[in-house]
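Could you walk me through this protein the way you would at the bench, one question at a time? I would like each answer to come with its reasoning.

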Amino acid sequence: MKDKIVVVTGASGGVGRAVVRRLAARGATVALIARGTTGLGSAAVEAGAAGGTGLVYEADVSDYQQVREAAEQIERDVGPIDVWINVAFSSVFAPFSEITPEEFERATQVTYLGYVWGTRVALDLMRPRDRGTIVQAGSALAYRGIPLQAAYCGAKHAIKGFTESVRTELLGERSGIKITMVQLPALNTPQFSWVLSKLGRHPQPVPPIYDPEVAARALVFAAEHPERREYWVGGSTVATLLAQRIAPGLLDRYLAHSGQESQQTKAQAPTGVANLWKPADEDDDYGAHGTFDRRSHAHSAQAWLSRHRRLAALTLAGGAVAAVLAGRGRS
């Protein structure tokens, strides 16, 4: 990523914030797009401290024109965009029947159309050069819907279908532009403190929970290796996606029984904060981590193996050969 110009949406907090730090540490110039001015400013400072450059561009990703203007300003300021990483989202924690049409529409505009507009703008700028990479931060919930998150699950499913469509078009054009998607597990980010919640208790990610840096490593790796169409991160993501393939009806019944309880905690009171209509970090900086540090994992063995699958395969093959030779020697 050294000397690359990379755009990150949702850069002011959570996974986006962690991605900014990792890119900056690798020498990238990072253009930060989000709404919250305080969070954006702090993220830019962290980028500089990590060894890169962070530039702030305030924009609401649900508004195509704002995204377009921000991207054009980025290219005027620092040059052609090499990589575009879509991370920004907002949502509502509530049963579907309790989400108003206006709330559902807004969540869809930010979480789904925000990716569509980011992808459209990136393609428009990259096509004349016939090079560039687009990375979509996805979720295990792009494959498997769960209770209390109809708006989020619907948007992530839509992003997956949209990305597959765009990928096939690029392949048909023999384009030099690559697009890939990273399906992420439950993460310890501020989303559980600032997403609009109508629950009686504080929302929580479904365990196991991973630190946002796990996601950041995967997203940056995908940006550097976009030839793979999709990455799965975390053992829980793999287990969920495989279970969905094998026994979706059984998973329906399991989630109907446990899905609501597993997404709420008695250990914390609801914050009353919501970033659906306005940024929660306009005045306060939430950073990359949420409130579940004691319960989250800093590493994922599965994610490491996914990034280094050739090395893992060679190691396994070498172990198998050694075992065969040892067996022959004993014979």
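Here are some questions and answers about side-chain pairs, surface charge and backbone angles.

Q: What kind of model is this, and at what pLDDT do side-chain atom pairs count?
A: Residues are numbered from 1 along each chain as its sequence is written, and side-chain values use heavy atoms, with hydrogens and water left out. This is a predicted model in which totals for chains, interfaces and linings use all residues, local features need pLDDT of at least 70, and side-chain atom pairs count only at pLDDT 80 or more.

Q: How many aromatic pairs are there?
A: Rings of Phe, Tyr and Trp (its six-membered ring) pair if their centres lie within 6.5 Å. Planes under 30 degrees apart count as stacked, over 60 as edge-to-face and the rest as tilted. By this rule the count is nine aromatic pairs.

Q: Are the rings of Y143 and W232 stacked or edge-to-face?
A: Their centres are 6.4 Å apart. The planes of Y143 and W232 stand at 75 degrees, so the pair is edge-to-face.

Q: How many residues apart are Y143 and W232, and which parts of the chain do they link?
A: Helices (H or I, at least four residues) and strands (E, at least two) are DSSP runs, numbered from the N terminus. Y143 sits in the loop between β6 (132–137) and α5 (150–172), and W232 belongs to strand β11 (residues 230–232). The pair thus links distant parts of the chain, 89 residues apart.

Q: Is W232 buried or exposed?
A: Buried means under 20% relative accessible area, exposed over 50%, and partly exposed in between (1.4 Å probe, protein chains only). W232 has a relative accessibility of 18%, so it counts as buried.

Q: Which residues form one aromatic cluster?
A: Here the aromatic pairs join up into a group. The members of this cluster are F93, F192 and F292.

Q: How many salt bridges are there?
A: Side chains of opposite charge can pair when their charged atoms come close. A salt bridge here is a side-chain nitrogen of Lys or Arg within 4 Å of a carboxyl oxygen of Asp or Glu. By this rule the count is 17 salt bridges.

Q: Which residue forms a salt bridge with R106, and where does that partner lie?
A: R106 is in helix α4 (residues 101–126), and its partner is in the loop between β3 (53–58) and α3 (64–78), 46 residues apart. The closest N and O atoms are 3.0 Å apart, and both residues are buried. The partner is D60.

Q: How many residues apart in sequence are the parts that R68 and D124 tie together?
A: The side chains of R68 and D124 meet in a salt bridge, 2.9 Å from N to O. R68 is buried at 19% relative accessible area, whereas D124 is partly exposed at 27%. R68 lies in helix α3 and D124 in helix α4, so the pair ties together parts that are 56 residues apart.

Q: Which residue meets R144 in a salt bridge?
A: R144, in the loop between β6 and α5, is linked to a residue of helix α9 (residues 248–258), 108 residues apart. R144 is buried at 10% relative accessibility, while its partner is partly exposed at 39%. With 2.6 Å from N to O, that partner is D252.

Q: Where is the cis peptide bond?
A: Omega is about 0 degrees at this bond. P208 lies in the loop between β9 (202–203) and β10 (209–210). The bond joins P207 and P208.

Q: Is D3 buried or exposed?
A: D3 is found in the segment before β1 (5–9). Phi of D3 is positive, about 70 degrees, although D3 is not a glycine. With a relative accessible area of 62%, D3 is exposed.

Q: Is L148 buried or exposed?
A: L148 lies in the loop between β6 and α5. Its phi is near 75 degrees, a positive value in a residue other than glycine. With a relative accessible area of 5%, L148 is buried.

Q: How far apart in space are Q260 and K178?
A: Q260 lies in the loop between α9 and β12 and is partly exposed at 40% relative accessibility. Q260 and K178 are 82 residues apart in sequence. From C-alpha to C-alpha, their separation in space is 38 Å.
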